[in-house]
Amino acid sequence: MRKHLLLLLLTLAGLPLAAQETLPAAAAEPASFRQQPLARRFSFAVSGAVGARHRNVTPLFAGIDIGFEFVPRVFVFARAEALAGLHEADDVRTYALSKSLGGGLGVRLLGRWQDAYATSSSQSIDLRASVGSTYGSNDWNYMLYDANLTWYNRGVLRGCSPTLGLGFRYMDSRTSGVRSYRNVYLAIGFRF
């Protein structure tokens, strides 16, 4: 699984390079991107999500993302997350709490960089891949591998935008007696 995720990340990293070779320089990197201060390339997002039930476990997680767009359409991000894994077996319901840190790489598939006077609607879709791990004392320790599509409305004149995401998550359990989780999830949040 780790080899496949690494291959996916390397493939995603190469996509913008190929696009820049085939497009003229003005189309590949708008002048507005180069002229923006570094602070405008940072993003901050909060989200909450629920995963589909798998092996009697339903994960609920909330996270914070801090990202930086280093070239047009490509960004890196760091993620901190808290998880509650709801477990039901033999009509007994329990839960496990965990916290994790991770990071990843994202590519904006739809939407372009907006200049300071943009007023038109700018729907965007990001493809993100990330890896993370629990830290400290947790009820459930795991390595997580995540891939998702996130929709949001991008624009300078909008200070906050709702987000909607659909993704797939694999959590490789390192806690004895707790099986690994893999399934789809739905996330909602806000991007600043």
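**Note on the predicted model: strands, core and buried charges**

1. Valine 50 is a useful place to begin in this predicted model, since with a relative accessibility of 38% this residue falls in the partly exposed class. Valine 50 belongs to strand β1, which covers residues 42-51, and it is also a member of a nonpolar patch on the surface, together with Leu60, Leu86, Tyr95, Leu97, Trp151, Leu164, Leu166, Leu186 and Ile188. The accessible area of these residues together is about 940 Å². Two or more residues of the patch are given by each of β4 (92-110), β7 (161-173) and β8.

2. As for the overall layout, the chain contains three helices and eight strands, and their order along the sequence is α-α-α-β-β-β-β-β-β-β-β. Of the 192 residues in the chain, 41% are buried. Among contacts with a separation of 6 or more, 60% are made by residues 24 or more positions apart. The exposed area of the chain is about 10,700 Å², and 65% of that area is supplied by carbon and sulfur atoms.

3. The pairing of consecutive strands can be followed from β2 to β4. Strand β2 pairs with strand β3 (residues 74-89) in the antiparallel sense, over 14 bridges, and within this pairing leucine 60, itself a member of the surface patch, has alanine 84 of β3 as its bridge partner. Strands β3 and β4 likewise run antiparallel and are joined by 16 bridges, with phenylalanine 75 facing glycine 106 of β4 as its bridge partner.

4. The backbone at the turns deserves a separate look, because most residues other than glycine have a negative phi. In the hairpin of β2 and β3, where two residues lie between the strands, arginine 73 has a positive phi near 75°, and this residue is partly exposed, with a relative accessible area of 33%. The hairpin of β3 and β4 also has two residues between its strands, and there aspartate 90 takes a positive phi near 55°. A further case is asparagine 56, which is not a glycine yet has a positive phi of about 65°; asparagine 56 sits in the loop between β1 and β2 and, at 37% relative accessibility, counts as partly exposed.

5. Which residues make up the largest nonpolar core? There are twelve: Ala49, Val57, Phe61, Leu83, Ala96, Trp140, Tyr142, Leu144, Met171, Tyr181, Tyr185 and Ala187. The elements giving two or more residues to this core are β2 (57-71), β6 (142-153) and β8 (181-191), and the largest share, three residues, comes from β8.

6. Two members of the core show how residues from separate parts of the sequence come together. Phenylalanine 61, in strand β2, counts as buried because its relative accessibility is 6%, and its C-alpha atom lies 5.6 Å from that of alanine 82, although the two residues are 21 residues apart along the chain. Beyond residues up to four places away in sequence, phenylalanine 61 touches Ser47, Gly48, Ala49, Arg79, Glu81, Ala82, Leu83, Arg169 and Tyr185. Leucine 144, with its neighbours within four places in sequence set aside, is in contact with residues including Glu81, Ser130, Val131, Arg169 and Met171.

7. Seven salt bridges are counted in the model. One of them joins the side chains of arginine 128 and aspartate 65, at 3.3 Å from N to O; arginine 128 lies in strand β5 (residues 123-134) and aspartate 65 in strand β2, so that the pair links parts of the chain 63 residues apart. Both arginine 128 and aspartate 65 are buried. Glutamate 69 and arginine 108 form another salt bridge, with their closest N and O atoms 2.5 Å apart, and because these residues lie in strands β2 and β4, the pair ties together parts 39 residues apart in sequence. Glutamate 69 is buried at a relative accessible area of 5%, and arginine 108 is buried at 2%.

8. A further salt bridge brings together the side chains of aspartate 146 and arginine 169, at 2.9 Å from N to O, with aspartate 146 in strand β6 and arginine 169 in strand β7, 23 residues apart. Aspartate 146 is buried, at 4% relative accessible area, and so is arginine 169, at 3%. These two residues belong to a network of salt bridges that also links Asp65, Arg79, Glu81, Asp126 and Arg128.

Key: Residues numbered from 1 in each chain as written. Predicted model: local features only at pLDDT ≥ 70, side-chain atom pairs only at ≥ 80, totals over all residues. Heavy atoms only, no water. Core = buried A, V, L, I, M, F, W, Y, C linked by side-chain atoms within 4.5 Å. Buried < 20%, exposed > 50% of the residue type's maximum accessible area, 1.4 Å probe, protein only. Helix = DSSP H or I, 4+ residues; strand = E, 2+ residues; numbered from the N terminus. Contact = heavy atoms within 4.5 Å. Patch = residues over 30% accessible without salt bridge, like charges linked within 9 Å, V, L, I, M, F, W, Y side chains within 5 Å. Areas by Shrake-Rupley, 256 points an atom, 1.4 Å probe, with all protein chains shown as cover. Salt bridge = Lys/Arg side-chain N within 4 Å of Asp/Glu carboxyl O. Pairing = 2+ DSSP bridges.
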